[in-house]
Amino acid sequence: MKMLTRIALQRGWRSVLVSDCGAEGKGTFEFKGFGGYWLVIFNGRCGVLLDPGRARRWRRGGANRFDSPDGRSLAVIVPCAGRGLRGRVLSLVSVYGPVSGAGFDNDRRVMFDSLSVILGSLPLRSVWVVGGDFNSEIGFQGVGEESMIGPHAHGRRTRSGHQLVEWVQGEDLRFLSTFTRQRCRDTWFHPKGLTGHPIDHLLCRPRDHRFLGATKVLFEETTGASWSAYTDHNPVEVKLAKGWVYRAPPRTPRKLRRPNWGVLRGSGEAAQVARSALAAEMDRRVGEEQPDNWSDVVALRLGVSRAVLGEEPRR
């Protein structure tokens, strides 16, 4: 773990999703790494590593976490800091999938069911990042998969990859790294044939993609860091978009309907009361605002009529 904090400090990582960590049970522990005391939150085969700053915010925010019974997935809710981020949090979900093969189909179904329950518990007003070793290759983009798989996917789709794609489509997520151009996206190389396989993935909701920067697979030759003595997988990196400040999407103004002129028609008591109320309110507003041109008078009349009579009901 200390080696991991060194790489995290070099790369500017503040959170790390860890797969196949081999822990027993679930819990937390703190250790002194590079840059201070880091926090490890684990559940069976997966965990989340938080730097000192995010660890403090996680504790102050209630130390919220969601664990799967099978020990293959874990979610940690970390409140965000910074201007414009009030009420918004990071939902970090670590996953470790069963190995590829027909004999593990049921294990994958159990994992996806547990993962769906966890995703259903996450705050909607948050940025979801789901990642880990899924042991699945998703292959090229298929027909109708444009919002889920980007144009830079490659390779073949394995049996476990079909199950993963079906689950991701059902949860309305997307594979982040397939939307970033990169010469090689292989995260694991077979020790015998030395063939590359992209089996580690990061996922997010389409609505959260705007908060995340380019996603790429890292290699020792290009980063200057070394991890081959501890793992045979290459890490996948994504960072928050530079200068991330939440801005609510612009709202389309609702088109105002006409005043409910129908209540003025007739000689009944309700119509007489409505006409009297409208005339009295119109006289009062004209006396207060004293419009000096006809367009202002028309706008004032419409506004007063909506306030007194209401809007015309939908048909």
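## Cysteines

Cys 21 is partly exposed, with a relative accessible area of 31%. The model is a predicted one. Is Cys 21 in a disulfide or in no disulfide? A search of the whole structure finds 0 disulfides. Cys 21 is therefore unpaired: its nearest cysteine sulfur belongs to Cys 46 and lies 6.3 Å away, whereas a disulfide needs two sulfur atoms within 2.5 Å.

Cys 204 has another setting. Its relative accessibility is 0%, so Cys 204 counts as buried. Cys 204 also belongs to a nonpolar core, described below.

## Confidence

How confident is the prediction? The mean pLDDT of the protein chain is 87. Of its residues, 93% reach 70 or more.

Confidence varies among the elements. Strand β9, residues 174–175, has the highest mean pLDDT, 96. Helix α5, residues 220–223, has the lowest, 82. Where pLDDT is low, the predicted coordinates should not be read in detail.

## Two nonpolar cores

The largest nonpolar core has 25 residues. Those with the most contacts inside this core include Val 93, Leu 119, Trp 167 and Phe 175. Which elements each supply at least two residues of the core? They are β6 (73–79), β7 (89–96), α3 (105–121), β8 (126–133) and α4 (159–171). Helix α3 gives the largest share, 5 residues.

Take Val 93 as an example. Beyond four places in sequence, Val 93 touches Leu 17, Leu 74, Ala 75, Leu 115, Leu 119, Leu 122, Val 129, Val 130 and Gly 131. A second core is separate and holds 20 residues. Among them are Leu 50, Trp 58, Leu 90 and Cys 204.

## Helix α3

Helix α3 has 17 residues. From first C-alpha to last, α3 reaches 25 Å. That is close to the 24 Å expected at 1.5 Å a residue.

Which residues of α3 are buried? They are Asp 105, Arg 108, Met 111, Phe 112, Ser 114, Leu 115, Ile 118 and Leu 119. What covers them includes β5 (65–67), β6, β7, β8 and α4.

## Arg 159 in helix α4

Arg 159 lies in helix α4. Its relative accessible area is 48%, so Arg 159 is partly exposed. Leaving aside neighbours within four places in sequence, Arg 159 is in contact with Gly 101, Ala 102 and Asp 105. Asp 105 is one of the buried residues of α3.

Now set Arg 159 against Leu 50. The two are 109 residues apart in sequence. In space, their C-alpha atoms are 34 Å apart.

## Helix α7

Helix α7 covers residues 294–309, which makes 16 residues. At 1.5 Å a residue, α7 should span 22 Å. Its end C-alpha atoms are 22 Å apart, which agrees.

The buried residues of α7 are Leu 300, Val 304, Ser 305 and Leu 309. Why do they line one face of the helix? Seen down the axis of α7, they fall within an arc of 130°, so they line one face. An α-helix has 3.6 residues a turn, so residues three or four places apart point the same way. The buried residues of α7 pack against α6 (269–289). The face turned away from the buried side carries the exposed residues Ala 299 and Ala 307.

## After helix α7

Gly 310 follows α7 and has a positive phi, near 85°. Asn 260 is in contact with Gly 310. Other contacts of Asn 260 are Leu 309, Glu 311, Glu 312 and Pro 313, leaving aside neighbours within four places in sequence.

Asn 260 itself is found in the loop between β14 (236–240) and α6. With 18% relative accessibility, Asn 260 counts as buried, because the cut-off is under 20%.

## Positive phi without glycine

Most residues other than glycine have a negative phi. Two residues here have a positive one although neither is a glycine. Asn 135 has a phi of about 55°. Gln 290 has a phi of about 45°.

Where do they sit? Asn 135 is found in the loop between β8 and α4. Gln 290 lies in the loop between α6 and α7. Is each one buried or exposed? Asn 135 is buried, with a relative accessible area of 15%. Gln 290 counts as exposed, at 61% relative accessibility.

Conventions:
Residues are numbered from 1 along each chain as its sequence is written. This is a predicted model: local features need pLDDT of at least 70, side-chain atom pairs count only at pLDDT 80 or more; totals for chains, interfaces and linings use all residues. Side-chain values use heavy atoms; hydrogens and water are left out. A nonpolar core is a set of buried Ala, Val, Leu, Ile, Met, Phe, Trp, Tyr and Cys residues joined through side-chain atoms within 4.5 Å. Buried means under 20% relative accessible area, exposed over 50%, partly exposed in between (1.4 Å probe, protein chains only). Helices (H or I, at least four residues) and strands (E, at least two) are DSSP runs, numbered from the N terminus. Contact means heavy atoms within 4.5 Å. pLDDT is the predictor's confidence in each residue, from 0 to 100. The expected span of a helix is 1.5 Å times one less than its number of residues. The arc is that of the directions from the helix axis to the C-beta atoms.
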